[in-house]
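Me: Please take a close look at a single part of this model. I would like one connected account of that part and its surroundings.

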Amino acid sequence: METTIQKAFGEALKQLRLNRGVSQEKYALQIGMDRTYYASVEAGKRNISIQNIQKIAEGFEISLSELFLEVEKHL
């Protein structure tokens, strides 16, 4: 079964966040995003906007290209 881009994106975010030892709540607060919204992104249930993708990348202190390289690992 092929993984959807939304699911792969969420899995990549979760892995990046866990690697940093940060809770969903703490990370969402850090980037100015509602925790329930962020949780639904990690769960692969949201078609997230490019503005929010940039906010997430900045929160991880990585470029957009680095973020998408992580996503590709989960496809």
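The part in question is helix 3, and the reply starts there and works outwards.

Me: Which residues are buried in helix 3, and what covers the buried residues of helix 3?

Reply: This is a predicted model, so local features need pLDDT of at least 70, side-chain atom pairs count only at pLDDT 80 or more, and totals for chains, interfaces and linings use all residues. Residues are numbered from 1 along each chain as its sequence is written, and side-chain values use heavy atoms, with hydrogens and water left out.

Helix 3 spans 35-42. Helices here are DSSP runs (H or I, at least four residues), numbered from the N terminus. Helix 3 is mostly covered, with six of its eight residues buried. Buried means under 20% relative accessible area, exposed over 50%, and partly exposed in between (1.4 Å probe, protein chains only). The buried ones are Tyr-37, Tyr-38, Ala-39, Ser-40, Val-41 and Glu-42. Their cover includes helix 1, helix 2 and helix 4. Contact means heavy atoms within 4.5 Å. After helix 3 comes Gly-44, with a positive phi near 75°.

Start with Glu-42. Its side chain meets that of Arg-17 in a salt bridge, at 2.6 Å from N to O. The term requires a side-chain nitrogen of Lys or Arg within 4 Å of a carboxyl oxygen of Asp or Glu. Arg-17 sits in helix 1 and Glu-42 in helix 3, so the pair ties together parts that are 25 residues apart in sequence. Both partners are buried: Arg-17 has a relative accessible area of 6%, and Glu-42 has 7%. The structure holds two salt bridges. The other joins Lys-73 and Glu-70, at 3.0 Å from N to O. There Lys-73 is exposed at 59% relative accessibility, while Glu-70 is partly exposed at 24%.

Now Tyr-38. It belongs to one aromatic cluster with Tyr-27 and Phe-60. Rings of Phe, Tyr and Trp (its six-membered ring) pair if their centres lie within 6.5 Å; planes under 30 degrees apart count as stacked, over 60 as edge-to-face and the rest as tilted. The whole structure has three aromatic pairs. One of them is tilted: Phe-9 and Phe-68, 6.2 Å centre to centre with 40° between the planes. Phe-9 is in helix 1 and Phe-68 in helix 5, so this pair ties together parts 59 residues apart in sequence. Phe-9 is buried, with a relative accessible area of 6%. Phe-68 is partly exposed, at 32%. Within the cluster, Tyr-27 and Phe-60 are stacked, 4.4 Å centre to centre with 15° between the planes. Tyr-27 lies in helix 2 and Phe-60 in the loop between helix 4 and helix 5, 33 residues apart. Both of these residues are buried.

Tyr-38 also leads into the largest nonpolar core, which has 21 residues. Such a core is a set of buried Ala, Val, Leu, Ile, Met, Phe, Trp, Tyr and Cys residues joined through side-chain atoms within 4.5 Å. Tyr-38 is among those with the most contacts inside it, along with Phe-9, Leu-13, Ile-56, Phe-60 and Leu-67. Helix 1 (5-19), helix 2 (24-31), helix 3 (35-42), helix 4 (50-59) and helix 5 (64-72) each supply at least two residues of this core. Helix 1 gives the largest share, five residues.

Ile-56 brings the account back to helix 3. Leaving aside residues up to four places away in sequence, Ile-56 touches Leu-13, Tyr-27, Ile-31, Met-33, Tyr-38 and Ile-48.
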